[in-house]
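Colleague: I should be grateful for a close look at a single part of this model, followed by an account of what surrounds it.

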Amino acid sequence: MMKHSVILEYKRCRGCTTCIKNCPTEAIRVRSGKAKILNERCIDCGKCIQVCPHKAIRSVSDNLSALDPFQYRVALPDPALYGQFQHLDDIDIVLNGLLKIGFQAVYETAKAAEILSDYARQHISSGEKRVMPQISSACPTILRLIRMRFPKLIPNVTSTITPMELAAILARKEAAARTGLPPEQIGVFGIVPCSSQVTAAHHPETLAKPVLDGAFAIRDIYLRLLGPMKELQELESLSSAGIMGVGWAYCGGESAARLGESYLAVDGIGNCIRMLEEIEDGRLPEADFIELSACVQGCVGGCLTVENPYGARMRIKNLMKGLPVSRNRFNLKGEDRDLVCFDKELQYVPAFLLDKDRSLAMEKLMKIDELYRALPGLDCGSCGAPSCHALAEDVVLGRASEEDCIFKVRERMQYMAGTGDADEYLPAPFRKRKLPQSIPPKKPHTEEGGTLS
């Protein structure tokens, strides 16, 4: 079973149900006053991390002690990192700062992004037959979502690995050639903006085995960089990417780098789900490419970043003004040409499977439908499930009781009390009648017609 980077701190959780109402895959339940994540349904989007008012949900990234076993250590900064620093006017300041906090080399993820963009442009110009519209494979959360909820769209997904994965492969090769060290003594670590990329570093969606040795959260590296960046005396020229690669940091950057295609760029997990539903229904025949980013504004809006995503995007666009359009082309030769492609095909993940036996699954489905029709359909979340349908499913699968519904409790109280009304057992918004309110007494009148104060 996949180990996710999104975890719950039970001591902090107060069972407020905010998370269950915001989870896009209904992967969270509240039982016995505490939230619980259904591991098989989690897509590591980090939405629950951002909305939890008690900070009870967080993402666990690798600790910097993970660098210790390796003789040579390479940092792979996501371009979203550059947008976290106010008044930054040179990307090399960030890259040189990384060399001061424990890394011996830096390989920009933006450089790998430019290689992938050029690869895509070559395939577009070749006229190769593709299932349209093509859907970006850059966001691991979107890949998991498609595998889970939209398996019919798997053929639409572009067959290229993520920029972080390609950067890891190429960085290890370069480091081995430069140092003469065996690959296992070279540590390659991503500096990532979201929980999804932390999980993907250890459990890649499209590769047979991991190519990264770990992933650090941008917010952790940001704090360590502030001091060394201010103390830099001379800057080594390390920046190796242009506008096209750095632009992948925000929504629309990947699409723009493909050049000439009719594309849509969508951000926010809810908007992405609605867009996938439209693609599945065939309502976007004129679009050639769909870029879907689970986070608002793209990677700059990840749950492991520091700055407001809109401000971060503005800073990155300012940094791009002094850069060339692109510095990298896809020129890999021989067997290396296949490095950019999937190692394994995307497979459907039956996270919503009721039973392996089809007849039993149909029987359970009918029970769920019957119970759902008996529930109020308000999706209030008071039962600890995100919707009445989810509660019906939980009851049939043995994860909950029908009595968890407060409306069922009311019916039971009516039966026990022998009366026709039990609204007092419901929260105020769900009462069917108004409870009697005390009427303030009238002030006594004086003989002159006034009132006594």
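In which sense do β7 and strand β11 pair, and over how many bridges?

Modeller: The model is a predicted one. In it, β7 and β11 (residues 289-293) pair in the parallel sense, and two bridges join them. One residue of this pairing can be named: Gln134 has Phe289 in β11 as its bridge partner. Strands of a sheet pair through backbone hydrogen bonds, in either a parallel or an antiparallel manner.

The pairing belongs to an open sheet of three strands, whose order is β7-β11-β10 and whose pairing is parallel. β7 (134-135) and β10 (263-267) are the edge strands, each of them pairing on one side only. Helix α11, residues 269-280, lies across β7, β10 and β11, and runs at about 140° to β10.

Gln134 also leads to the largest pocket. The space in that pocket amounts to about 520 Å³. Its lining consists of 29 residues, and those closest to the centre are Gln134, Val157, Thr158, Ser159 and Thr160. Two elements, α4 (109-125) and α10 (253-258), give two or more residues each to the lining. The largest share is that of α4, with six residues. By class, 15 of the lining residues are nonpolar, while seven are polar and seven are charged. Gln134 therefore has two roles in this description, since it is the bridge partner of Phe289 in β11 under the DSSP criterion for pairing and is among the residues closest to the pocket centre.

An antiparallel pairing is found elsewhere in the chain. Strand β2 (residues 28-31) runs antiparallel to strand β3 (residues 34-37), and four bridges join them. Within this pair, Arg29 stands opposite Lys36 of β3. The two strands form a hairpin with two residues between them, and Ser32 in the turn has a positive phi of about 55°.

After the hairpin, Glu40 may be considered. This residue is found in the loop between β3 and α2 (47-51). Glu40 has a relative accessible area of 36%, and is therefore classed as partly exposed, because that class lies between the limits of 20% and 50%. Leaving aside neighbours within four places in sequence, Glu40 is in contact with Met148, Ala351 and Arg399. As for Asp118, 78 residues from Glu40 along the chain, the C-alpha atoms of the two residues are separated by 36 Å.

Notes. Residues are numbered from 1 along each chain as its sequence is written. This is a predicted model: local features need pLDDT of at least 70, side-chain atom pairs count only at pLDDT 80 or more; totals for chains, interfaces and linings use all residues. Side-chain values use heavy atoms; hydrogens and water are left out. On a 1 Å grid over the protein atoms alone, a cavity is a set of points where a 1.4 Å probe fits but cannot get out, and a pocket is an open set with protein on both sides within 12 Å along at least five of seven lines; lining residues have an atom within 4 Å of a point. Grid points are joined across faces, edges and corners, and a volume is the space filled by probe spheres set on the points. Ala, Val, Leu, Ile, Met, Phe, Trp, Tyr, Cys and Pro count as nonpolar, Asp, Glu, Lys and Arg as charged, and the others, Gly among them, as polar. Contact means heavy atoms within 4.5 Å. Axes are lines fitted to C-alpha atoms, for helices over the stretch in contact, and angles run from 0 to 180 degrees between N-to-C directions. Buried means under 20% relative accessible area, exposed over 50%, partly exposed in between (1.4 Å probe, protein chains only).
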